[in-house]
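The following exercises invite the reader to examine a structure step by step. Each task is followed by a worked solution.

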Amino acid sequence: MANETADPPEMTAASSSEPERPAQAEVVIETRNLTKIYRDFWGRAKVRALKSLDLEVRQGEIFGLLGPNGSGKTTTIKLLLGLIFPTHGQALVLGKPATDEAKNEKIGYLPEESYLYRFLNAVETLDFYGRLFNMPAKVRKQRAAELINLVGLEGAKRRPLKEYSKGMTRRIGLAQALINDPQLILLDEPTSGLDPIGTREMKDLILELKARGKTIVLCSHLLADMQDICDRIAILHRGELKELGRVDSLLQVTDITQLQIKDLSDEAQEEIEAVLRKHHGELVGVNHPKATLEDLFLRIVRESDDHLGRRVVRELPTETASENGSPEKTDES
Amino acid sequence: MVIEQETLPLIEGILHYGLQMLLALGILGVLSLIIAYLVATALYGPIAGGRELKNFLSEICRDWFYTSPRRVLALAWLAMKESINRRVLVVAVIFLILLLFAGWYLDNRGDIAAKMYLSFVFTSMSVLVIVLSVVLSAFSLPSDLNSRTILLIVAKPVRRHEIVLGRVLGFLATGTILLAVMGGISYFFVSRGLDHTHVLRESEIALEDYDPTAENPIVKRGRTAMKHGHRHEVLFYKNGDIYVEDTPGHSHRAEVRTNQQGEEIVQLGEPLSILRARVPRYGTLLFRDRNGELQDKGINVGTEWKYKTCIEGGTRSAGIWTFEDLYEEEFPNGVPLELTLGVYRSYKGDIDSGILGSLRLRNPTDGRTSNPILFRAKEYYTDRLFIPRTVDSPEGPLDLFKHFVVDGKVEMEVRCEERAQYFCMARYDVYARAGDAPFSLNFVKGLTGIWLQMLLILSVGVAASTVLRGSVAMALTIGIALSGHLLDSLKTLAQGENYGGGPLEALIRILTNRNLMVELPNGFYLGPTKMFDAAMRGLLNAVTYIVPDFRLYNMADYVAQGFNINASQLASNIVCGVTYSLIVIIIGHLCLKLRQVA
Ligand SMILES: Nc1ncnc2c1ncn2[C@@H]1O[C@H](COP(=O)(O)OP(=O)(O)OP(=O)(O)O)[C@@H](O)[C@H]1O
Ligand SMILES: [Mg+2]
């Protein structure tokens with residue numbers, strides 16, 4: 001167990017005893033049977049990008065969307081924003097249908113690439129998007145200054161975006177997503193192109209936003225970081241949901257038990273060993289050790305590649321998740 | 001030349017031009033509603049489909065209701081920035097260069113110089129602005145969709161119509177600036193191009209034989225040298241007044257001075273009223289034939305344009321204009337008339353002196369008639385005839401407004417007094433000239449016409465580009481603009497009044513090498529061909545109702561020919577144009593709402 005040392009038992013104990021966020025926290029995103037089939041000009045199905053996705057994201061959590069390239073993460077986010085229309089099913093965002101523009105008032109969106117106007121500079125960009133939120137000039141000006149400061153573009157704020165490096169473009173993209181102080185923030189690969197310091201800052205920022213009660217949905221391929229910051233994750237594979245649940249419970253390895261006991265007497269230890277011998281076990285330590293998200297991800301993708309087809313994922317109620325270990329799975333194929 | 005178009009008061013104008021359009025659009029709207037319902041039914045079933053459609057329509061209304069001016073302005077600002085970024089201001093430079101070269105080629109002969117210059121600047125401005133509008137509007141949204149910059153716009157609480165509206169307004173702002181700059185340059189160019197003076201030397205002045213008993217006889221007469229393609233006749237009166245004849249379409253103020261060589265010369269100053277905006281008061285025209293019967297039309301002598309018909313000289317036949325609004329306050333000294341009668345000669349006669357005509361005033365209530373006021377009508381000239389306050393009649397001299405005009409209404413009867421010669425005329429050939437309006441204002445009114453065309457094209461282009469690719473949207477916009485300009489010929493085609501039949505018949509004629517006039521031989525294909533062509537004509541007919549009537553907005557002719565653009569006519573054109581583009585913008589809104597942007 002690679003993270004045995006990195007993840008001391010106290011921490012594990014602390015996180016599992018942490019009071020669960022009440023399950024009745026307000027639902028921010030709800031998708032039902034959300035399906036997207038991209039069609040060609042003649043209406044023939046070209047790509048089944050998303051198949052029957054059922055998701056719920058609650059107020060105040062950081063929700064990670066994982067999956068290999070082309071698994072439908074961006075498609076999901078675009079559906080949530082109403083940029084594309086679902087083939088079947090529906091999505092409710094902040095209590096409104098995804099196609100209702102009014103919901104965007106409280107949403108921030110950082111797309112996977114820069115879709116900013118390259119002839120504008122940073123200040124003009126933020127001012128422009130601020131105006132789209134119908135913000136008065138004074139508020140816009142103040143917000144723009146704060147955000148430029150936050151993303152560290154002070155020195156380049158008057159240069160047109162076409163002169164920006166990839167990471168700088170990413171930073172102004174993030175600033176743009178926060179201009180309206182959104183309740184729900186959708187980040188599509190926020191760290192792509194950022195330097196290590198930028199990545200670190202991005203992580204801190206996301207956690208800070210969470211602390212301020214924002215809901216964050218993000219996709220990323222940086223699994224270690226996702227593991228650190230996400231409350232819950234969903235793993236998509238070829239448009240299908242393969243795994244869904246709390247990160248800490250998903251990563252618990254239930255077929256290994258770890259005991260780490262302080263001040264255990266020799267007799268007691270012998271006794272325990274005797275019990276274990278009786279049951280043909282070998283003591284390693286009493287604990288449920290943590291796997292890495294990377295392990296989980298690779299396993300699921302490998303399994304899914306081997307057994308293509310639907311796999312019903314039912315998330316357990318969060319209260320019991322930490323006791324019961326990994327969620328139930330059934331393979332229908 | 002005289003304007004052939006009608007000028008109608010505001011409400012009537014809107015009713016006249018707008019009603020047809022609105023009717024067509026209404027029919028179109030109902031049709032598309034039915035189609036939309038059918039589609040919705042196919043997708044969701046009859047009841048749910050109806051509900052979806054209703055929701056969609058109410059969403060459209062809600063969008064408009066919650067339009068945010070700040071967002072629209074932000075998007076307009078972006079579009080403006082984008083267009084400036086695309087260096088549209090180069091167009092102004094092109095225009096400047098065009099003008100520099102045009103100076104060499106423009107005919108500045110006195111009588112037509114103003115018309116030439118004005119037509120030239122207006123035509124080039126229209127062409128540049130229209131081309132620019134087409135390119136700007138048709139490629140803007142598609143390029144945004146291509147670069148996906150639209151994603152971030154749509155992810156904000158922007159309503160789809162605000163995107164369309166913002167685009168149109170932004171480009172309109174750029175276009176307006178450009179038009180203002182070009183208009184300013186044009187004004188300068190025209191007034192500079194027409195500005196000239198003449199000098200009359202001693203040697204060019206001849207003494208006149210004059211009647212010493214006359215009150216104020218002409219004592220000397222001179223002719224300036226040819227300059228700017230024209231010369232002026234200058235008359236010197238005994239009391240020292242100098243009169244410069246305005247046959248070239250303008251006059252000058254004359255001044256006697258001594259030049260450096262000590263020679264006494266007559267200096268003619270800057271041209272007067274070379275740029276003018278005449279305010280015409282039109283009447284309605286009826287004809288009386290040689291038997292004294294009233295007719296709608298005169299006789300057709302075959303050579304004049306179709307819209308002018310003729311009266312025969314030396315007979316009772318006459319053209320009778322009824323004016324409804326000549327009031328004493330406006331014409332305190334009498335009524336200046338301008339007549340542009342066509343002259344048709346059955347024998348040549350004296351070409352120089354013109355054909356003798358007469359005009360009689362008649363009181364429309366008691367039928368009292370004045371003595372004939374004689375004039376000579378020359379071909380292709382606008383004759384001026386001043387009706388004084390005191391008019392001779394069989395009862396002696398009578399006051400114009402007391403005895404002939406009743407509540408602004410008076411009849412004027414024009415006859416040709418030379419046997420076997422003809423006057424040809426149409427309604428707008430005779431008008432009372434109620435003074436001049438400021439030319440610069442008229443110039444701006446003419447620019448407003450171009451501005452309206454720009455607005456229409458921008459709306460059509462942006463709306464088309466919500467669903468079509470840039471090049472296709474451009475082609476469609478150009479098509480609509482062209483058919484709007486060529487509406488007359490389109491209508492002819494649509495009504496089957498042209499020779500040679502519809503498209504399929506014409507194709508058969510080409511393939512079988514038959515000219516336009518011969519009958520097609522009977523064959524099995526004749527029936528289907530006619531049917532197909534009839535269907536095409538129906539389609540074309542529908543198109544002629546939907547396409548905006550660009551002739552309405554092409555007011556440059558008025559400016560060029562020196563007629564004031566009627567304010568209410570302008571207002572009605574503005575109302576029509578703005579309404580039309582609003583409707584087009586709504587269509588764009590629907591299209592953009594129905595499509596996915598990613
Ligand atoms: N506009 C489109 N037209 C056709 N197919 C599309 C379109 N957009 C996405 N797809 C397809 O849908 C599938 C899912 O794409 P999506 O962009 O959601 O992947 P992703 O999970 O975001 O991948 P990545 O990690 O590479 O960003 C892919 O197979 C992709 O080819
Ligand atoms: Mg993606």
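**Exercise 1. Determine which residues form the nonpolar surface patch of about 680 Å², and describe the setting of L23(B).**

Solution. Step one: the patch of about 680 Å² consists of L23(B), I27(B), V30(B), L31(B), I34(B), Y37(B) and L38(B). Patches are built from residues with over 30% relative accessible area and no salt bridge, joining like charges within 9 Å and nonpolar side chains (Val, Leu, Ile, Met, Phe, Trp, Tyr) within 5 Å. A salt bridge is a side-chain nitrogen of Lys or Arg within 4 Å of a carboxyl oxygen of Asp or Glu. Areas follow the Shrake-Rupley method with a 1.4 Å probe, and for residues only the protein chains shown count as cover.

Step two: L23(B) belongs to helix α1 (residues 10-44) of chain B. Helices (H or I, at least four residues) and strands (E, at least two) are DSSP runs numbered from the N terminus. Step three: L23(B) is exposed, because its relative accessible area is 59% and the classes are buried under 20%, exposed over 50% and partly exposed in between (1.4 Å probe, protein chains only).

This is a predicted model, in which local features need pLDDT of at least 70 and side-chain atom pairs count only at pLDDT 80 or more, while totals for chains, interfaces and linings use all residues. Residues are numbered from 1 along each chain as its sequence is written, chains are lettered from A and ligands numbered from 1 in the order in which they are written, and side-chain values use heavy atoms, without hydrogens and water.

**Exercise 2. Describe the surroundings of ligand 1.**

Solution. Step one: 14 residues surround ligand 1, and N69(A), G70(A), K73(A), T74(A) and T75(A) come nearest; a residue is near if one of its heavy atoms lies within 4 Å. Step two: the shell divides into three nonpolar, seven polar and four charged residues. Here Ala, Val, Leu, Ile, Met, Phe, Trp, Tyr, Cys and Pro count as nonpolar, Asp, Glu, Lys and Arg as charged, and the others, Gly among them, as polar. Both β2 (45-58) and α2 (73-81) of chain A supply at least two shell residues each.

Step three: consider polar contacts, pairs of N or O atoms within 3.5 Å; within protein, one must be able to donate a hydrogen and the other to accept it, and residues adjacent in sequence count only if both atoms are side-chain atoms. The side chain of T74(A) places an N or O atom 2.5 Å from an oxygen atom of ligand 1. A backbone N or O atom of S71(A) is 3.2 Å from a ligand 1 oxygen, and a polar side-chain atom of E189(A) is 3.3 Å from one. Taken alone, ligand 1 exposes 630 Å², of which the protein buries 69%.

**Exercise 3. Is T224(B) buried or exposed, and which backbone nitrogen lies 2.9 Å from its side chain?**

Solution. T224(B) sits in the loop between β3 (218-223) and β4 (233-237) of chain B. T224(B) is buried, because its relative accessibility is 1%. A polar atom of its side chain lies 2.9 Å from the backbone nitrogen of H232(B).

**Exercise 4. What is the sign of phi in D407(B), and where is D407(B) found?**

Solution. Most residues other than glycine have a negative phi. D407(B), although not a glycine, has a positive phi of about 50 degrees. D407(B) lies in the loop between α8 (400-404) and β20 (410-416) of chain B, and is exposed at 67% relative accessible area.
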